[in-house]
Amino acid sequence: MLKDITLGQYFPGNTLAHRLDPRTKLMMVVIYIIALFCAKSFVSYGILALFLFISVKISKVGFKSLIKGMKPLIIILIFTAILNMFYTPGREIASFWVFTLTVEGIWSAVFMVIRITLLIMGTFLMTYTTSPIALTDAIENLLNPLKKIYVPVHELAMMMSIALRFIPTLIEEADKIISAQKARGADFETGNIFRRAKAMVPILVPLFISAFRRADELATAMECRCYCGGEGRTKLHVLRYQKRDLLCILLTTVITITVVIVSRFGY
């Protein structure tokens with residue numbers, strides 16, 4: 001299961017999706033999320049699904065990677081669907097104890113699962129086609145106006161970048177610890193939920209120790225290189241918008257407006 005977590009991974013490539021300015025991709029994702037929350041029908045969700053399908057094809061990342069990344073989130077999707085299904089007021093179909101199944105609840109659960117799935121896949125696609133360094137530069141650039149009110153923009157962007165970079169490393173470390181514990185006879189798959197939770201303690205303790213050790217080594221390395229924040233720092237690759245960036249933002253905006261219009265008229 002741990003190997004299925006692909007958040008923070010970057011798949012190098014030379015496609016249009018990879019060549020887009022990272023600021024453009026961030027803005028496209030924000031507009032895409034707004035469109036998802038405005039969608040209220042199968043037609044509007046279908047438009048966004050088609051947009052995501054075309055984007056995946058252009059990026060050449062492959063749907064297998066996106067689906068693989070969704071596997072660890074299946075429990076969250078099921079839990080969300082159940083909550084929407086039984087706790088949405090409307091025309092009652094069946095009732096049991098504190099649970100009431102309604103027609104509106106079923107539709108709400110379906111739309112919520114579709115929305116979360118499309119949202120996660122779209123976000124994953126951005127991280128797959130954008131390196132952590134480029135993503136850090138984009139976040140810092142977009143948040144630059146906040147420097148006027150003394151917000152540590154560079155430090156915030158750096159922390160987000162380090163967090164993204166450490167996710168695959170910690171997953172790999174956890175997988176190694178689990179393999180080592182299994183070789184010593186540890187059992188993580190049998191017993192009730194409390195027994196399984198107790199069995200995770202020998203994994204979490206060394207994992208936290210390893211994470212703190214890596215953080216300390218990183219801090220020491222940054223101090224040795226005289227890192228003192230973003231003041232006065234220059235960049236090797238300066239971000240510049242191109243025509244394709246403007247066209248992609250306009251296309252995403254047009255799709256969002258279309259989704260809003262379609263949802264408003266109930267199609």
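These are my notebook entries on one predicted model, written in the order in which I looked things up.

**Entry 1, the chain as a whole**

I began with the fold and found 11 helices and 2 strands in the chain. Reading along the sequence, I wrote the pattern down as α-α-α-α-α-β-β-α-α-α-α-α-α. For the overall extent I took the C-alpha trace, which spans about 65 × 60 × 40 Å along its principal axes. I then looked up burial, and of the 267 residues in the chain, 33% are buried.

**Entry 2, aromatic side chains**

I went through the aromatic rings next, and the count came to 8 aromatic pairs. One of them joins F11 and Y128, whose ring centres lie 4.9 Å apart with 90° between the planes, so I entered the pair as edge-to-face, the term for planes over 60 degrees apart. I also asked myself which parts of the chain this pair ties together. F11 sits in the segment before α1 (16-19), whereas Y128 belongs to helix α6 (residues 103-128), and so the contact links parts that are 117 residues apart in sequence. The two partners are recorded separately for accessibility: F11 is partly exposed, at a relative accessible area of 28%, while Y128 is buried, at 0%. Under the same heading I noted one aromatic cluster, formed by F42, Y45, W107 and F111. A charged side chain also came up here, since R23 lies over the face of Y241, at 3.9 Å from the ring centre.

**Entry 3, cysteines**

How many disulfides does the structure hold? I found 0. I looked up two cysteines for their accessibility all the same, and noted that C224 counts as exposed, at 62% relative accessibility, whereas C248 counts as buried, at 14%.

**Entry 4, the largest pocket**

I turned to the largest pocket, in which about 1,100 Å³ of space lies. Its lining is made up of 39 residues, and those nearest the pocket centre are I133, A134, T136, D137 and R165. Which helices each supply at least two residues of this lining? I listed α1, α2 (22-38), α7 (132-142), α8 (153-183) and α10 (201-224). Of the contributions to the lining, the largest share comes from α8, with 7 residues. By chemical character I sorted the lining of the largest pocket into 17 nonpolar, 11 polar and 11 charged residues.

**Entry 5, a backbone angle at K60**

While checking the backbone I stopped at K60, which has a positive phi of about 60° although it is not a glycine. I placed K60 in the loop between α3 (42-59) and α4 (63-70). Is K60 buried or exposed? At 70% relative accessibility, K60 counts as exposed.

**Entry 6, a long-range approach**

My last entry concerns M27, a residue of helix α2, and T252. Although M27 and T252 are 225 residues apart in sequence, I noted 9.3 Å between them in space, C-alpha to C-alpha. For M27 I also wrote down a relative accessible area of 28%, which makes this residue partly exposed. Helix α2, where M27 lies, is also on my list of helices that each give at least two residues to the lining of the largest pocket.

Note on methods
Residues are numbered from 1 along each chain as its sequence is written. This is a predicted model: local features need pLDDT of at least 70, side-chain atom pairs count only at pLDDT 80 or more; totals for chains, interfaces and linings use all residues. Side-chain values use heavy atoms; hydrogens and water are left out. Rings of Phe, Tyr and Trp (its six-membered ring) pair if their centres lie within 6.5 Å; planes under 30 degrees apart count as stacked, over 60 as edge-to-face and the rest as tilted. Helices (H or I, at least four residues) and strands (E, at least two) are DSSP runs, numbered from the N terminus. Buried means under 20% relative accessible area, exposed over 50%, partly exposed in between (1.4 Å probe, protein chains only). A charge sits over a ring if NZ of Lys or CZ of Arg is within 6 Å of the ring centre and within 35 degrees of the ring normal. A disulfide is a pair of cysteine sulfur atoms within 2.5 Å. On a 1 Å grid over the protein atoms alone, a cavity is a set of points where a 1.4 Å probe fits but cannot get out, and a pocket is an open set with protein on both sides within 12 Å along at least five of seven lines; lining residues have an atom within 4 Å of a point. Grid points are joined across faces, edges and corners, and a volume is the space filled by probe spheres set on the points. Ala, Val, Leu, Ile, Met, Phe, Trp, Tyr, Cys and Pro count as nonpolar, Asp, Glu, Lys and Arg as charged, and the others, Gly among them, as polar.
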